[in-house]
Amino acid sequence: MKWFNNLTLEKIRGKFSKSITAGEESVHFEKGKELYAANQFQEAIIHLDNAISSGSYHEAYKLKANCLQKMDYHYNAIEDFDKAIEANPLDFSSYYSRAVSKKAIFDFTGQIEDLHNAIYYYKKNTILENSILRSFESDLLFAKMSIDGLTKNAAEIAKIPALEIKSLISDSLHLIKQVKLKNAALK
């Protein structure tokens, strides 16, 4: 997960270091980024909330959601990831982060759907890293094992649409295979 946090911070730095204005929202956003990097999540949330209320930063929602996720407030993190995805539906990292929170609350269907979307949008990037693809793949395989374990418990069978999820997992793993082949062909 460390690679993902670094990727998120690099992406945020890249976007906003070029276009920062002297507005109040950018000051709060920058302070929130600093506090996030220093693992001071509660303080970061205060500044990120101020940035959000001052302007419309989808990256502020995403960073705030990452803070909430680090503090194990996964339901709140999911809400903020929803807002970040609404603002930028093509950003694969928001889907991946939301999948992590959905996994934490045992929403396997939501986790698999978000992983599938993350893979779908990730394959549209120009630079593809095999380490990220391996992370997607391992998350999918772990979710498959978890679902297999739950379906053996008769009381849980009715709660999980196992066939639909397994089909989506297979589709997602196939997408990863396609991306790996495309990536290998480019090298």
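## An all-helical chain, seen through its helix pairs

F106 counts as exposed, since its relative accessibility is 63%. The cut-offs behind such labels are simple: under 20% relative accessible area is buried, over 50% is exposed, and anything in between is partly exposed, computed with a 1.4 Å probe and protein chains only. The model is predicted, so local features need pLDDT of at least 70 and side-chain atom pairs count only at pLDDT 80 or more, while totals for chains, interfaces and linings use all residues. Residues are numbered from 1 along each chain as its sequence is written, and side-chain values use heavy atoms, with hydrogens and water left out.

**The chain as a whole**

The chain has 10 helices and zero strands; read from the N terminus, the elements run α-α-α-α-α-α-α-α-α-α. These elements are DSSP runs numbered from the N terminus, with helices being H or I over at least four residues and strands being E over at least two. There are 187 residues in the chain, and 43% of them count as buried. About 9900 Å² of the chain is exposed, with carbon and sulfur atoms supplying 54% of that area; the areas come from the Shrake-Rupley method with a 1.4 Å probe, and for residues only the protein chains shown count as cover. If you take the contacts between residues at least 6 apart in sequence, 58% join residues at least 24 apart. A contact here means heavy atoms within 4.5 Å.

**Three helix pairs**

Two packed helices are described by the angle and the distance between their axes. Each axis is a line fitted to C-alpha atoms, for helices over the stretch in contact, and angles run from 0 to 180 degrees between N-to-C directions.

Let's start with α3 and α4, whose axes lie 9 Å apart at an angle of about 155 degrees. That angle makes α3 roughly antiparallel to α4; the label applies over 145 degrees, with under 35 being roughly parallel, 65 to 115 roughly perpendicular and the rest oblique. The two helices form a left-handed crossing, meaning that the near helix is turned anticlockwise from the far one by less than a right angle, whereas clockwise would be right-handed. On the α3 side the contact involves F41, A44, I45, L48, D49, A51 and I52, and on the α4 side A60, Y61, L63, K64, C67, L68 and K70. By class, these residues are 11 nonpolar, no polar and three charged. In this scheme, Ala, Val, Leu, Ile, Met, Phe, Trp, Tyr, Cys and Pro are nonpolar, Asp, Glu, Lys and Arg are charged, and the others, Gly among them, are polar.

Next come helix α5 (residues 74-87) and helix α6 (residues 92-104), with axes that come within 9 Å and cross at roughly 160 degrees. α5 is therefore roughly antiparallel to α6, and α5 passes α6 in a left-handed crossing. From α5, the residues H74, A77, I78, F81, D82, A84 and I85 meet S94, Y95, S97, R98, S101, K102 and A104 of α6. This contact divides into seven nonpolar, four polar and three charged residues.

α6 also packs against helix α7 (residues 108-122), at an angle of about 160 degrees and with the axes 8 Å apart. The pair is therefore roughly antiparallel, and α6 passes α7 in a left-handed crossing. Here F92, Y95, Y96, R98, A99, K102 and K103 of α6 meet G110, Q111, D114, L115, N117, A118, Y121 and Y122 of α7. The classes at this contact are eight nonpolar, three polar and four charged.

**Four residues to look up**

| Residue | Place | Relative accessibility |
|---|---|---|
| K70 | helix α4 (residues 58-70) | 39%, partly exposed |
| Q111 | helix α7 | 3%, buried |
| N39 | loop between α2 (24-37) and α3 (41-54) | 55%, exposed |
| F106 | loop between α6 and α7 | 63%, exposed |

K70 and S101 are 31 residues apart in sequence, and their C-alpha atoms are 9.7 Å apart in space. Leaving aside residues up to four places away in sequence, Q111 touches A99, K102, K103, D139 and A143.

The loop residues are worth a look at the backbone. Most residues other than glycine have a negative phi. N39 is not a glycine, yet has a positive phi of about 60 degrees. F106, also a residue other than glycine, has a positive phi near 65 degrees.
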